[in-house]
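User: Please go through this model with me, and for each label you use, explain what supports it.

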Amino acid sequence: MRQNKYSSAQIALHWLSAFVILWSLCAGTYVTLFDVPPGVKLTLTALNISLTTLFIPFFLMRAVLRIDYLRKHSPGPGELLAAFVHNLIYLVTGLVLVTGVLMMDRPIVVFDWLTLPQLLTRPDLLQGFHTAHRNSTELLGLLVGLHLLAVVKHELSGNRILQHMSFQTLPWAAPLGMHKVNPTTRSSRTSMRSPKHILDAQRDDAQGASRRSQQASRAGR
Ligand code: HEM
Ligand code: HEM
């Protein structure tokens with residue numbers, strides 16, 4: 001049974017979103033900032049539109065799981081800032097998706113397979129949503145940058161938070177307080193302990209228990 005902070009569905013959706021968002025942020029910025037040949041720009045924009053439109057139902061699923069998670073786990077005092085930034089990422093991603101759809105001045109073509117109608121036609125509204133899409137993608141880029149810096153900072157200081165987003169089910173991937181540890185070597189950050197430390201502690205415990213049972217049976221003779 002997995003004992004991680006997030007469910008497998010949340011982890012899978014996190015990595016899917018990370019891929020789609022990082023790719024579309026980079027590709028979108030690249031075609032906007034650089035002098036890209038028109039054919040390449042057209043292809044990359046069409047690819048981004050298809051990919052991000054297909055991503056919308058997955059984002060909705062992820063948002064529902066997030067709301068359910070927040071209802072069951074209220075963040076501790078040390079987790080408030082991270083929880084706030086994560087919620088902001090959800091909000092801004094939602095804004096980027098909505099403004100992207102509403103700024104479309106043509107039907108949305110998904111990989112030549114599905115065509116969704118253009119929702120707005122008034123030029124001032126289209127222009128307004130284009131500006132809102134640009135501003136919200138910039139804000140999302142900033143938040144993703146902060147998120148990645150925070151992950152690197154935690155990892156470098158020994159707080160192995162990447163394990164929260166990994167699929168492994170080894171005992172040392174379990175959250176705080178769920179390991180069986182030797183009290184003499186217990187550290188305040190149990191989740192930082194390496195697999196070797198955990199295995200050593202479990203072996204020490206087992207050896208101690210077998211010594212105690214041998215002493216008890218000798219005393220009983
Ligand atoms: C390679 C890039 C990324 C890495 C290494 C990474 C790593 C992580 C880790 C380790 C956590 C768990 C934090 C914790 O609760 O302890 C996390 C959570 C989270 N990450 Fe990322 N992340 C990446 C990209 C992204 C991107 C691009 C986004 C979205 C824009 C994102 C959004 C989130 C959110 C919203 C959470 C909160 C948990 C949830 O509801 O899924 N991450 N990430
Ligand atoms: C995760 C969601 C999305 C991300 C990260 C994203 C990212 C970007 C970025 C960085 C740009 C360049 C912004 C600029 O003009 O400075 C852009 C432009 C654009 N995006 Fe998005 N986008 C997303 C979703 C969507 C969606 C859902 C649509 C429409 C269905 C869309 C349609 C467009 C269009 C048409 C452009 C303008 C291209 C041009 O100016 O020629 N985007 N996007």
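**Ligand shells and helix 4**

Analyst: In this predicted model, helix 1 supplies the largest share of the shell around ligand 2, namely seven residues.

User: Which residues come nearest to ligand 2, and which elements give two or more residues to its shell?

Analyst: Ser-24, Gly-28, Thr-52, Gly-100 and Thr-137 come nearest, out of 22 residues around ligand 2. The elements that give two or more residues to this shell are helix 1, helix 2 (38-72), helix 3 and helix 4.

User: How are the residues around ligand 2 divided by class, and what makes Gly-28 polar in that scheme?

Analyst: The shell around ligand 2 has 10 nonpolar, 11 polar and one charged residues. Gly is counted among the polar residues, so Gly-28 takes that label.

User: What is the division by class around ligand 1, and which helix gives the most to that shell?

Analyst: Around ligand 1 there are 11 nonpolar, seven polar and two charged residues, and helix 1 gives the most, with six residues.

User: Why is the reach of helix 4 called close to the expected one?

Analyst: The expected span is 1.5 Å times one less than the number of residues; for the 34 residues of helix 4 this comes to 50 Å, and the helix reaches 49 Å from its first C-alpha to its last, so the two values are close.

User: What makes His-133 of helix 4 count as buried?

Analyst: The label requires 20 or more other C-beta atoms within 10 Å of the residue's own. His-133 is listed as buried, together with Phe-129, Ser-136, Thr-137 and Leu-140, so His-133 meets that cut-off. What covers the buried residues of helix 4 includes helix 1 and helix 3.

Technical notes
Residues numbered from 1 in each chain as written. Chains lettered and ligands numbered in written order. Predicted model: local features only at pLDDT ≥ 70, side-chain atom pairs only at ≥ 80, totals over all residues. Helix = DSSP H or I, 4+ residues; strand = E, 2+ residues; numbered from the N terminus. Near = placed C-beta within 6 Å. Buried ≥ 20, exposed ≤ 12 C-beta atoms within 10 Å, placed from the backbone. Contact = placed C-beta atoms within 7 Å.
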